[in-house]
Amino acid sequence: MALPSCYREAIAAYARRVGIKNIERETAQLSETYRTGKNSEWLRDERKIAAYLIARAPATYAAIRKALVWTKAALPSFSPRSLLDAGAGPGVASWAAAESFAGISSLQLLECNPLLAAAARELSQGQEEFSAARIETSAIETANLPAADLVLLSYVAAEWDETVLARNLVKLWDATKGVLLIAEPGTPAGFARILACRAMLLRLGARIVAPCTSPNTCPLTGPDWCHFAARLPRSRAHMHAKAARVPFEDEKFSYLAAARETIAVSPP
């Protein structure tokens, strides 16, 4: 699940443009904010965004690609033409979706942080699949969400309290014509958010298709939690940023995919 070379080159160009004097320090600070889930509050400087792109983008890409592989296996006839990436950040989840579904021709990315939205525009320049993409600087709470076959909510739910999450999830499900994919860090807190989303979506009439299909209450209770791993190779820049010695990383994540009843599910 390696980040494609076109995006690695775009990230390297972005990092060269903004300059990073101490990538290891920036990455250490990023790791702390990642654990708290408050990435958007920290990513208010282009150098910090560059650190995120080097240290976190490959892992986010690998996790979303892996989640989409499993979603495609559950929904073999699902072939989305349109994508809505809500809380898109610099667009990494959209990169994974475009690689997963060649038929996506309409892409809309929403990101309330203007620097992250600008990074998404810069990184997508010259990428064929993003030639007609719309990247808007707006929040999910206030945006008029367009309907899309595939809707992504990638590493965003931690930014909201329970009330905002419930309200935004209704908007996102209303915008979903086919599948809504939600991903969070593979931690107990991340899985708790996935469980909360699962319960809300079931109440809205959604059908959970991955990673499990049961509409019953999840039997897992603390200290256990459901999470998966996506292995990705580390680039030289990635290893330097994390002061790593091992040439690969296992990104742990939790996710769910919810589908409309009109989408055919593969037999178990």
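**View 1. Strands β1 and β2 run parallel in this predicted model.** The pairing of β1 with β2 rests on 5 bridges. Strand β2 spans residues 106–110. Within this pair, Leu-84 stands opposite Gln-108 of β2. Between the two strands the chain passes through helix α6, residues 92–100. The resulting β-α-β crossover is right-handed.

**View 2. Strand β4 also pairs with β1.** Strand β4 covers residues 148–154. Its pairing with β1 is parallel and is made over 4 bridges. Here Leu-83 of β1 faces a partner in β4: Leu-150 stands opposite.

**View 3. Strand β1 is covered on both faces.** The strand runs from residue 82 to residue 86. Of its 5 residues, 5 are buried. In a regular strand, side chains alternate between the two faces of the sheet. One side of β1 carries Ser-82, Leu-84 and Ala-86. The other side carries Leu-83 and Asp-85. Each of these residues is buried, with under 20% relative accessible area.

**View 4. The whole protein has 10 helices and 8 strands.** The protein holds 268 residues, and 51% of them are buried. Its accessible surface is about 12,100 Å². Carbon and sulfur atoms account for 53% of that surface. Take the contacts between residues at least 6 apart in sequence: 77% of them join residues at least 24 apart.

Note on methods
Residues are numbered from 1 along each chain as its sequence is written. This is a predicted model: local features need pLDDT of at least 70, side-chain atom pairs count only at pLDDT 80 or more; totals for chains, interfaces and linings use all residues. Side-chain values use heavy atoms; hydrogens and water are left out. Buried means under 20% relative accessible area, exposed over 50%, partly exposed in between (1.4 Å probe, protein chains only). Contact means heavy atoms within 4.5 Å. Accessible areas come from the Shrake-Rupley method with a 1.4 Å probe; for residues, only the protein chains shown count as cover. Two strands pair if DSSP finds at least two bridges between them. A crossover is right-handed if, with the strands pointing away from the viewer, the path from the first strand over the helix to the second runs clockwise.
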